[in-house]
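Student: I am new to this structure and would like a close look at a single part of it. Could you walk me through one pocket?

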Amino acid sequence: MKLTPVEEIEFNTSHPLVGTVVLAQVPFDDSDAAIPEQRVKERPALIVAASNSGILVRGIYSNTGVTRVLFSPWRRLNFDHPSYVDAARSAVRDVKMNDIVRLGRLTNPEWNQLI
């Protein structure tokens, strides 16, 4: 997977966490009428690059979309419904690596299918 020049400055695709599915605070564009100030949501996310201070993730969603593809390991990782991984990447900074909630890791074939 190719990073943008800006992403390459901060993140490394060879980091040991790459390929791990975690719970992360992922930004989103839609607003909830009940809590319009909320701009991030905790959701499963796939780490595609990382550094000592942050992770670059692709969010995993319960709904399909134009930029989303089926996240085939959803059953193996004990998700309770089919899920879809977005092509868009989000940087999550100031992460305490020991506090990351890890849900599982992709196998090489699963990773290759998504990248």
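Student: Which residues line the second largest pocket?

Tutor: Happy to help! This is a predicted model, in which local features need pLDDT of at least 70 and side-chain atom pairs count only at pLDDT 80 or more, while totals for chains, interfaces and linings use all residues. Residues are numbered from 1 along each chain as its sequence is written, and side-chain values use heavy atoms, with hydrogens and water left out.

The second largest pocket is lined by Val 22, Leu 23, Ala 24, Gln 25, Glu 42, Ile 55, Val 92, Val 95, Lys 96, Asp 99, Ile 100 and Val 101. A pocket here is an open set of points, on a 1 Å grid over the protein atoms alone, where a 1.4 Å probe fits, with protein on both sides within 12 Å along at least five of seven lines; lining residues have an atom within 4 Å of a point. The second largest pocket holds about 190 Å³ of space, a volume being the space filled by probe spheres set on the points, which are joined across faces, edges and corners.

Strand S1 (residues 20-27) gives the largest share of this lining, 4 residues; strands are DSSP runs (E, at least two residues), numbered from the N terminus. By type, the lining has 8 nonpolar, 1 polar and 3 charged residues. Nonpolar covers Ala, Val, Leu, Ile, Met, Phe, Trp, Tyr, Cys and Pro, charged covers Asp, Glu, Lys and Arg, and polar covers the others, Gly among them.

Now look at Asp 94, in the loop between S5 and strand S6 (101-105). Its phi is positive, near 55°, in a residue other than glycine. Asp 94 is exposed (over 50% relative accessible area, 1.4 Å probe, protein chains only), at 71%.

Definitions and conventions:
Buried < 20%, exposed > 50% of the residue type's maximum accessible area, 1.4 Å probe, protein only.
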